[in-house]
Amino acid sequence: MSAPVLSVRDLRTHFFTRAGVVKAVDGVSFDLAPGEIMGLVGESGSGKTVTGFSLLGLVDEPGRIVEGSIKLNGTELTTLSDVELRARRGRDISMIFQDPIATLNPMLTIGQQMKLAIDAHERLGKRAADARATELLTQVGIPSAAARLRAYPHEFSGGMRQRVAIAIALLHRPAVIVADEPTTALDVSIQAQILYQMRDLAAETGTALIWISHDLAVVSSLASKLAVMYAGRIVEQGPTATLLRDPRHPYTAGLLASLPAMAPPGAPLAQIPGTTPSLLSLPPGCPFAPRCDRATAECAAEPEITFRGDRGWRCFHPVGQAEEVTA
Amino acid sequence: MSAFLSIDNVSRLFGPNLTTGEKIAAKLGAKVETRSVRAVSDVSLTVARGETLGLVGESGCGKSTLGRLIAGILPPTAGTVMIDGAPVMENGAKVTTRVQTVFQDPFASLDPRMKVGDTVSEGPIAHGLTNKVKTKAYVAEWFERVGLDPVWVDRYPHQFSGGQRQRIAIARALAMQPDVLICDEPVASLDVSIQAQIINLFLELTRDLGLTTIFISHDLSVVQHVSDRVAVMYLGRIVELGPVAEVFGKPAHPYTDALFGSVPKLVLDADELVHFDTIEGEVPSPLSPPSGCYYHPRCPLATQACSDQQPLMQPVTERREVACHHFEEQIAKGLDKAV
Ligand SMILES: Nc1ncnc2c1ncn2[C@@H]1O[C@H](COP(=O)(O)OP(=O)(O)OP(=O)(O)O)[C@@H](O)[C@H]1O
Ligand SMILES: Nc1ncnc2c1ncn2[C@@H]1O[C@H](COP(=O)(O)OP(=O)(O)O)[C@@H](O)[C@H]1O
Ligand code: SF4
Ligand code: SF4
Ligand SMILES: [Mg+2]
Ligand SMILES: [Mg+2]
């Protein structure tokens with residue numbers, strides 16, 4: 001396998017709020033190879049967006065990266081100054097946000113916004129900039145792109161606005177793109193179109209993708225590997241198909257078992273009891289313990305991540321362990 | 001099959017809601033949107049007692065509007081909705097408590113300043129389903145039924161999680177002792193691990209109480225799981241209707257086929273090259289729908305007849321209906337694929 005383009009080790013990003021310390025990201029490690037797509041899944045509040053923001057150096061007060069390392073093409077990002085980070089953002093690593101409306105400026109035409117994004121890192125004349133913008137808009141599936149450069153965001157549908165945001169993220173052919181639930185707000189039909197294009201673009205351009213989602217089906221059809229987050233930690237990671245077929249962490253196993261497709265029509269679904277924990281009042285030990293049917297006294301301590309080949313999990317009593325011992 | 005809930009030629013138009021200034025500007029020829037949206041167009045269906053009908057389709061196709069028309073929240077511009085032979089609305093006002101609704105966002109639909117126990121008892125007291133003396137026990141009973149601890153009645157909505165708030169919303173609807181329940185995206189705003197809890201609660205309660213249900217969701221796997229029959233909507237019209245296994249398994253309408261094909265499925269085989277069947281283009285503006293069959297600009301089977309003439313709902317089998325000029329071709333196509 002080629003050297004990773006992005007290498008994250010034990011990342012911890014905490015928010016120091018008046019109510020207490022929110023440990024939004026508290027143990028995230030992974031490698032990403034060029035052109036690879038990793039799905040980052042987890043429920044709302046599990047720390048997916050803060051992980052993405054941390055990678056781009058976009059975490060604001062009262063939050064800060066308190067520990068860990070982020071290496072992009074060998075350069076440590078966590079110790080860079082704001083100026084140095086800004087020089088890389090958009091050029092080497094970029095992000096597509098959940099809400100395309102928030103990304104685009106309603107007062108500027110699509111062409112003007114793309115020109116601004118180009119100018120941030122490159123000197124290109126208007127004509128060359130327009131040509132680049134047109135090429136990328138065409139690539140993400142916007143018909144008659146040259147003419148649409150003069151349109152304002154409100155003249156586009158949600159799906160088209162999200163495509164523009166993707167085109168902007170692709171402008172400088174960054175090594176890594178973090179896509180934060182970019183299709184969640186869209187219709188399934190549009191979602192499929194965008195997923196398809198993103199997968200082809202990653203393959204064509206060698207850009208690595210981190211695809212954040214709460215939908216296992218979406219990432220299963222897109223990503224070659226998965227990381228499952230719970231309460232700020234990656235609790236399980238590995239190649240998509242093996243992880244989904246043979247989950248080791250009780251949370252991953254529980255989520256998969258609860259999908260409607262896993263039960264006969266009308267039958268009760270397997271359910272994970274309890275609710276997602278508040279990160280403000282996390283008890284010590286394994287954060288999944290209050291909801292876990294495999295929990296023992298041992299789980300009062302925090303499990304470290306165990307790596308076995310290309311799989312990793314954070315659990316004292318992983319699912320499927322008995323089978324493994326007898327095998 | 002006897003019709004317990006019957007929806008007869010129901011339509012709903014939304015005018016452009018112009019201000020006086022805009023109306024004058026429009027008269028003077030300014031570019032002001034004066035067209036109306038036909039959010040729901042000539043919908044007719046019947047639902048048997050105890051049956052769950054799923055309602056699916058892309059955003060803006062009219063699912064919520066149809067749900068609100070059936071619930072008597074919104075008056076139709078034409079047509080009638082009847083429950084057990086009695087109209088839901090008369091002269092633009094709801095005249096029954098037999099239909100109740102559960103919405104997507106339990107936070108928005110609960111009054112933040114009202115104790116949740118009062119939220120549940122308000123309607124039943126107003127309609128004499130319980131009285132001041134019995135209220136406490138009545139509310140406690142419904143709390144227990146939806147899996148909430150009755151000691152929480154004096155708390156406020158913000159003190160609950162999303163899943164618990166949805167349970168409160170369900171208790172509020174059911175405490176009115178409805179026969180018909182409209183669920184509009186009841187699990188869409190919930191975390192994945194909580195969705196299964198609420199779906200299970202829904203399955204248990206609809207069965208135990210014999211409720212007749214309209215279940216709206218963009219998540220086809222949820223609809224497939226809970227529904228007996230499913231109706232597929234496109235731009236305000238129902239284009240296909242039938243038992244959920246048949247419609248999902250062998251779509252008779254090209255749009256149904258494309259909609260199901262574009263849903264990402266859980267892939268467990270790494271070597272399987274995932275193939276997305278994407279629908280061409282986007283949903284046209286409801287302000288200026290295409291001629292004939294609304295789906296013709298995106299339909300791979302479209303012919304001249306499709307842009308000339310609107311296809312009406314017609315039977316495919318005893319319990320199935322479809323609105324498509326070439327549905328036989330679509331079914332044959334599906335059979336080809338299966339071979
Ligand atoms: N109060 C209103 N005034 C004007 N237009 C409306 C109103 N309510 C709905 N519409 C329009 O009616 C059509 C159907 O809307 P509806 O909310 O029923 O769609 P939906 O299928 O529930 O969509 P979603 O999946 O996004 O919830 C849309 O074009 C919408 O813009
Ligand atoms: N600016 C902030 N101040 C305080 N807490 C925050 C801030 N941003 C995020 N958090 C908290 O960090 C946690 C993770 O959030 P987030 O990464 O947005 O979750 P996800 O994207 O997985 O839904 C949540 O508990 C959230 O409330
Ligand atoms: S460490 Fe213990 S509580 Fe945590 S997931 Fe594993 S078995 Fe469950
Ligand atoms: S009527 Fe024609 S355009 Fe409409 S769905 Fe059928 S084949 Fe397609
Ligand atoms: Mg997020
Ligand atoms: Mg709706």
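Where in chain A does Pro62(A) lie? Pro62(A) is in the loop between α1 (48–56) and β4 (63–72) of chain A. Helices here are DSSP runs of H or I with at least four residues, strands are runs of E with at least two, and both are numbered from the N terminus.

Before we go on, a word on how to read this model. It is a predicted one, in which local features need pLDDT of at least 70 and side-chain atom pairs count only at pLDDT 80 or more, while totals for chains, interfaces and linings use all residues. Residues are numbered from 1 along each chain as its sequence is written, chains are lettered from A and ligands numbered from 1 in the order in which they are written, and side-chain values use heavy atoms, leaving out hydrogens and water.

The pLDDT is the predictor's confidence in each residue, from 0 to 100. Chain B has an average pLDDT of 90, and 95% of its residues score at least 70. For the complex, the predictor gives an ipTM of 0.85 and a pTM of 0.88. Where pLDDT is low, the predicted coordinates should not be read in detail.

**Backbone surprises**

Most residues other than glycine have a negative phi, and most peptide bonds are trans. Against that background, look at the bond from Glu61(A) to Pro62(A): this peptide bond is cis, with omega near 0 degrees. In chain B, two residues that are not glycine have a positive phi, as the table shows. Their exposure class uses relative accessible area: buried is under 20%, exposed is over 50%, and partly exposed is in between (1.4 Å probe, protein chains only).

| Residue | Phi | Loop in chain B | Relative accessible area |
|---|---|---|---|
| Asp84(B) | near 55 degrees | between β4 (78–83) and β5 (86–87) | 43%, partly exposed |
| Gln177(B) | about 50 degrees | between α6 (162–174) and β9 (180–184) | 43%, partly exposed |

**The eight-stranded sheet of chain A**

Chain A holds an open sheet of eight strands in the order β6-β7-β8-β3-β9-β10-β12-β11, with mixed pairing. Two strands pair if DSSP finds at least two bridges between them. Because β6 (93–96) and β11 (306–308) of chain A stand at the edges with a single partner strand each, one side of each has no neighbour in the sheet. On average, neighbouring strands of this sheet are turned by 20 degrees against each other, direction ignored.

Start at the β6(A) edge. Here β6(A) and β7(A) run parallel and are joined by four bridges, with Ser94(A) opposite Ile177(A) in β7(A). In a regular strand the side chains alternate between the two faces of the sheet. On β6(A), Ile93(A) and Met95(A) point one way, Ser94(A) and Ile96(A) point the other way, and all are buried.

Further along, β9 (225–230) and β10 (233–239) of chain A run antiparallel, joined by six bridges. Met229(A) has Ile234(A) in β10(A) as its bridge partner. Helix α11 (250–257) of chain A packs on the sheet and touches β9 and β10 of chain A, where contact means heavy atoms within 4.5 Å. The direction of α11(A) makes about 100 degrees with that of β9(A); axes are lines fitted to C-alpha atoms, for helices over the stretch in contact, and angles run from 0 to 180 degrees between N-to-C directions.

**A buried loop residue**

Thr183(A) sits in the loop between β7 (176–180) and α8 (188–205) of chain A. Why does Thr183(A) count as buried? Thr183(A) counts as buried because its relative accessibility is 3%. Leaving aside neighbours within four places in sequence, Thr183(A) is in contact with Gln191(A), Ile194(A) and Trp211(A). Thr183(A) and Gln98(A) are 85 residues apart in sequence, with 7.4 Å between their C-alpha atoms.

**Over to chain B**

Four strands of chain B form an open sheet in the order β2-β1-β4-β5, with antiparallel pairing. Its edges are β2 (37–47) and β5 of chain B; each has a single partner strand, so one side of each is left without a neighbour in the sheet. Seven bridges link β1 (5–14) of chain B to β2(B), and Ser6(B) has Thr46(B) in β2(B) as its bridge partner. Helix α2 (63–71) of chain B lies across β1, β2 and β4 of chain B, at about 120 degrees to β1(B).
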